Amino acid sequence: MSRLNLTHTSEFIMLGFSAHPQLQSTFFTLFLLIYLMALLGNLLIITIIGADARLRTPMYFFLGNLAVLDICCTSSTIPMMLEALLSKAKSISFSGCITQLFLLSSVLGTELLILTLMAFDRYVAICLPLRYTSIMSMKFCVTTVITMWFCGLVNSTTHTSLITRLSFYGRIALDHFFCEIPPILKVSSSDTYINDIVILLADVFLGMFCFLLTCMSYIYILSSIVKIRSADNKRKAFRTCTSHLLVVTVFYGGIIYTYVRPALNAAGDKDKVVSVIYAVVSPVLNPIIYSLRNQEVKRALAQILSRKIFSSRT
């Protein structure tokens, strides 16, 4: 049999939950609840933004895209995790694993770019308020977001196509909860030098470059906030940034830990736990952070609920 056929007929055995077989039902219930919370929370954000005309601004346009990405992220990982928890074999086909890897990589890359764009939006709003409308025009926002989705797809396609060229003989044990680039490269029987180089380049651009741009944006933002004399205006400016900072901290921390460390040959056993944080937990936290800390979102939700209650009574 050719090496290509061996590669495509291989199965991956997911060992992420194997260390605690007695907790299978608990894990299943936990991840099912997380998935439902992520779906409902992000769908609620999308519904609120679409229903309230006052929220049709660049910041909420980006937030809506972030919610769509979070739904895609959890939908690409958690259903297969639930299936593995119910299955005794805990196996996934090569094609199924590659499909999951493609979707997850595309979403993660796009989300890094969207979060960077959201930081730039806050920079313009606070540091250049008089030019905000002209810079952050809807045409610019839509064009930029489409470009970022395309970049995420190109990045994912590159990684996926390179991985399909590798060899995986027999049924491979994958010590992870879902299919992701670093653990898959570790179990390949081929030379992964080219893959490592491409990952390092992606780390520099999508990881470090976006992270530095975000940091620079917030350095300028903080310096501008310090100069604001009104205490109320300072609090308002901080409020518009803290939600995004919390999301960025959780997401970037996990991405850098999982993707940059393996590229530096420093991967560890904690990687799979950190992956769950940014791929599973973060999509649940994002709508909670943005809704609980955002007065405009809470007001819009209250108005939608009041209209629903009023219409049902009439």
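Which residue in strand 3 is the bridge partner of Met14? In this predicted model, the partner of Met14 is Leu174, and that bridge belongs to a pairing in which strand 1 and strand 3, the latter made of residues 171–174, run in the parallel sense over four bridges. Strand 1, which covers residues 11–14, also pairs with strand 2, residues 91–93, but here the sense is antiparallel and the pairing extends over three bridges. Within strand 2, Ser93 is the bridge partner of Glu11. As background to such an arrangement, side chains in a regular strand alternate between the two faces of the sheet.

From the strands we may turn to helix 2, which comprises residues 24–51, 28 residues in total, and which reaches 40 Å from its first C-alpha to its last, close to the 40 Å expected at 1.5 Å a residue. Several of its residues are buried, among them Gln24, Phe31, Ile34, Tyr35, Ala38, Gly41 and Asn42, and the buried set also includes Ile45, Ile48 and Ile49. Phe31 counts as buried because its relative accessibility is 6%, where the cut-off is under 20%.

The aromatic residues offer a further view, since a pair of rings is described by the distance of the centres and the angle of the planes. The structure holds eight aromatic pairs, one of them formed by Phe27 and Phe31, whose rings lie 6.4 Å centre to centre with 35 degrees between the planes, a tilted geometry. Because Phe27 and Phe31 are four residues apart in helix 2, about one helical turn separates them; in an α-helix, residues three or four places apart point the same way. Elsewhere, Phe12, Phe94 and Phe168 form one aromatic cluster.

Methods:
Residues are numbered from 1 along each chain as its sequence is written. This is a predicted model: local features need pLDDT of at least 70, side-chain atom pairs count only at pLDDT 80 or more; totals for chains, interfaces and linings use all residues. Side-chain values use heavy atoms; hydrogens and water are left out. Helices (H or I, at least four residues) and strands (E, at least two) are DSSP runs, numbered from the N terminus. The expected span of a helix is 1.5 Å times one less than its number of residues. Buried means under 20% relative accessible area, exposed over 50%, partly exposed in between (1.4 Å probe, protein chains only). Two strands pair if DSSP finds at least two bridges between them. Rings of Phe, Tyr and Trp (its six-membered ring) pair if their centres lie within 6.5 Å; planes under 30 degrees apart count as stacked, over 60 as edge-to-face and the rest as tilted.
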